Amino acid sequence: MGLSFKTGLLNVFTVYLLVMGLTGCSKKQDIAPSDSRPVGPTLGLKNLREIYETMISVTGYPTDHLTRRFYFGSVQTFSQDGRGEKVSAPMMMRLTSMAGLFCNHLIVEERKLTGTNVSTRKFFKKVQFDKDSSYLTPEVREDVLQNYAEFFWRREISEKEKALLNQLLENSIEQQKSDTKKPDQPLLATCTAALSSLEVFTN
């Protein structure tokens, strides 16, 4: 795991809770007093195996050794029974980190698809990986963010979500060194935020 990847995970977690709230707008958790029964819809968590399998499914790429090792080392951090109150800071950090590993692998695999194979990419058809981040034009960003929403959330992206992810992308570009302004880092940050959203790990 390279330095840029670690930096990406730290950057993305600063906006993670905002993205989680926006992408989970259709799911509510009603907190009832301890001596009463819950009223209305409640939040059900997927267990780690379900989250892992969901991430495999929505990214569309087999996992690598690093991701599998991280998964097996994270079992005790996640809710085993789907109860919403089991959410914790360590769990959220682990979830975000695992999403980052999946996204890193996804970017590596799609970067390999060049020439006539570019059209077979799922997420980054319009991205020129051999160019610098300035080539992430509004048209390219729109395409990438909509692909995240389509594959990860199974719906259209909202304007608020788009604005948040675009801001994260801008922040990531600004933090890049002038001689390393490739698109991988901003794409990793936005992909990780989208893949670690509420809709991915709740029922």
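The following legends describe an overall view and several close-up views of a predicted protein model.

**Figure 1. Overall view of the helical fold.** The protein contains eight helices and zero strands, and from the N terminus on its elements run α-α-α-α-α-α-α-α. Of the 203 residues in the protein, 45% are buried. Among contacts with a separation of 6 or more, 70% are between residues 24 or more positions apart. The protein exposes about 10,600 Å², of which carbon and sulfur atoms supply 55%.

**Figure 2. The disulfide between Cys 103 and Cys 191.** One disulfide is found in a search of the whole structure. The bond joins Cys 103 to Cys 191, with an S to S distance of 2.0 Å. The link is left-handed, with -80° about the S-S bond. Cys 103 belongs to helix 4 and Cys 191 to helix 7 (residues 184–195), so the disulfide ties together parts that are 88 residues apart in sequence. Cys 103 has a relative accessible area of 0% and is therefore buried. Cys 191 is likewise buried, with a relative accessible area of 0%.

**Figure 3. The aromatic pair of Phe 123 and Tyr 148.** The structure holds 10 aromatic pairs. One of them is formed by Phe 123 and Tyr 148, whose rings are tilted, with 6.3 Å centre to centre and 45° between the planes. This pair links distant parts of the chain: Phe 123 is in the loop between helix 4 (89–111) and helix 5 (138–153), whereas Tyr 148 is in helix 5, 25 residues apart from Phe 123. Both residues of the pair, Phe 123 and Tyr 148, are buried.

**Figure 4. The aromatic cluster that includes Phe 123 and Tyr 148**. Ring pairs connect these two residues with Phe 124, Phe 129, Phe 151 and Phe 152 in a cluster. The tilted pair of Phe 123 and Tyr 148 shown in the preceding view is thus seen here with the other members of the cluster.

**Figure 5. Arg 94 and the ring of Phe 70**. Arg 94 lies over the face of Phe 70. The distance from the ring centre is 4.7 Å.

**Figure 6. The backbone at Arg 154.** Arg 154 is located in the loop between helix 5 and helix 6 (159–174). Most residues other than glycine have a negative phi. Phi of Arg 154, in contrast, is positive, with a value near 60°. Arg 154 counts as exposed because its relative accessibility is 56%, and the cut-off for an exposed residue is over 50%.

Conventions: Residues are numbered from 1 along each chain as its sequence is written. This is a predicted model: local features need pLDDT of at least 70, side-chain atom pairs count only at pLDDT 80 or more; totals for chains, interfaces and linings use all residues. Side-chain values use heavy atoms; hydrogens and water are left out. Helices (H or I, at least four residues) and strands (E, at least two) are DSSP runs, numbered from the N terminus. Buried means under 20% relative accessible area, exposed over 50%, partly exposed in between (1.4 Å probe, protein chains only). Contact means heavy atoms within 4.5 Å. Accessible areas come from the Shrake-Rupley method with a 1.4 Å probe; for residues, only the protein chains shown count as cover. Rings of Phe, Tyr and Trp (its six-membered ring) pair if their centres lie within 6.5 Å; planes under 30 degrees apart count as stacked, over 60 as edge-to-face and the rest as tilted. A charge sits over a ring if NZ of Lys or CZ of Arg is within 6 Å of the ring centre and within 35 degrees of the ring normal. A disulfide is a pair of cysteine sulfur atoms within 2.5 Å.
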